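Let's take a walk through this small fold, from its overall layout to its core and its main pocket. Have a look at the model first, then read on.

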Amino acid sequence: MLKILVAAGVDADDPKADSVRSFCRALAEKLIAQGHVLLNGCQTELDKVLAEAAYNKLLALGVTDVDSR
């Protein structure tokens, strides 16, 4: 199990912002599905997108101790 820090940011007015958000969600889901621990400070909009996607994936996998991941 790796501990992986993902830090991200994007200008909300950037025409590619939705694509970046989608990528971040998919990245978080893959990291969790592979058993990694996501380190995240939840400081930017994208950090929150990553954290929410990871949390939802953990719940879908039946993980009860989500704070450890």
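## Ground rules and layout

Helices here are DSSP runs of H or I with at least four residues, strands are runs of E with at least two, and both are numbered from the N terminus. With that in hand, Y55 can be placed in helix 2. One thing to keep in mind throughout: this is a predicted model.

The protein has two helices and two strands. Starting at the N terminus, they come in the order β-α-β-α. Strand 1 covers residues 3-5, helix 1 runs over 17-33 and helix 2 over 45-60, and strand 2 takes up 37-39.

## Overall shape

How does the radius of gyration fit with a compact globule? For 69 residues a compact globule would come out near 11 Å, and the protein has 12 Å, so the two agree. Along the principal axes, the C-alpha trace spans about 35 × 20 × 15 Å.

Buried residues make up 28% of the 69 in the protein. As for contacts with a separation of 6 or more, 68% of them join residues 24 or more positions apart.

## The nonpolar core

In soluble globular proteins, nonpolar side chains tend to be buried together. Here, the largest nonpolar core has 13 residues, and V6, C24, A28, I32, L38, L50 and A54 are those with the most contacts inside it. Helix 1 and helix 2 each supply at least two residues of this core. Helix 2 gives the most, with six.

Two of those well-connected residues are worth a click. C24 touches A8, L46, V49 and L50, once residues up to four places away in sequence are set aside. A28 sits in helix 1. Leaving out its neighbours within four places, A28 is in contact with L38, L50, A53 and A54.

## Buried or exposed: three residues

Why does A28 count as buried? Its relative accessible area is 0%, so A28 falls in the buried class, for which the cut-off is under 20%. Y55 is partly exposed, because its relative accessible area is 42%. The C-alpha atoms of A28 and Y55 are 9.0 Å apart, with their positions 27 residues apart along the chain. Y55 also pairs up with L38 for a distance check: 17 residues apart in sequence, they are 9.9 Å apart in space, C-alpha to C-alpha.

L5, found in strand 1, is exposed, because its relative accessible area is 62%. Leaving aside neighbours within four places in sequence, L5 is in contact with L39 and N40. L5 and N40 are 35 residues apart along the chain, yet their C-alpha atoms are separated by 6.1 Å.

## The largest pocket

Rolling a probe the size of a water molecule over the atoms shows where empty space is left. In this model, the largest pocket holds about 220 Å³ of space. Which residues lie nearest its centre? Of the 12 lining residues, those are L38, A51, A54, V66 and R69.

Strand 2 and helix 2 each supply at least two residues of the lining, and the largest share, four residues, comes from helix 2. Sorted by class, the lining has eight nonpolar, two polar and two charged residues. L38 and A54 turn up in both settings: they are among the residues with the most contacts inside the core, and they are also among those nearest the pocket centre.

Definitions and conventions
Residues numbered from 1 in each chain as written. Predicted model: local features only at pLDDT ≥ 70, side-chain atom pairs only at ≥ 80, totals over all residues. Heavy atoms only, no water. Core = buried A, V, L, I, M, F, W, Y, C linked by side-chain atoms within 4.5 Å. Buried < 20%, exposed > 50% of the residue type's maximum accessible area, 1.4 Å probe, protein only. Contact = heavy atoms within 4.5 Å. 1 Å grid on protein atoms, 1.4 Å probe; cavity = no way out; pocket = protein on both sides within 12 Å on 5 of 7 lines; lining within 4 Å. Points joined across faces, edges and corners; volume = space filled by probe spheres on them. Nonpolar A, V, L, I, M, F, W, Y, C, P; charged D, E, K, R; others polar. Rg over C-alpha atoms; globule rule 2.2 N^0.38 Å.
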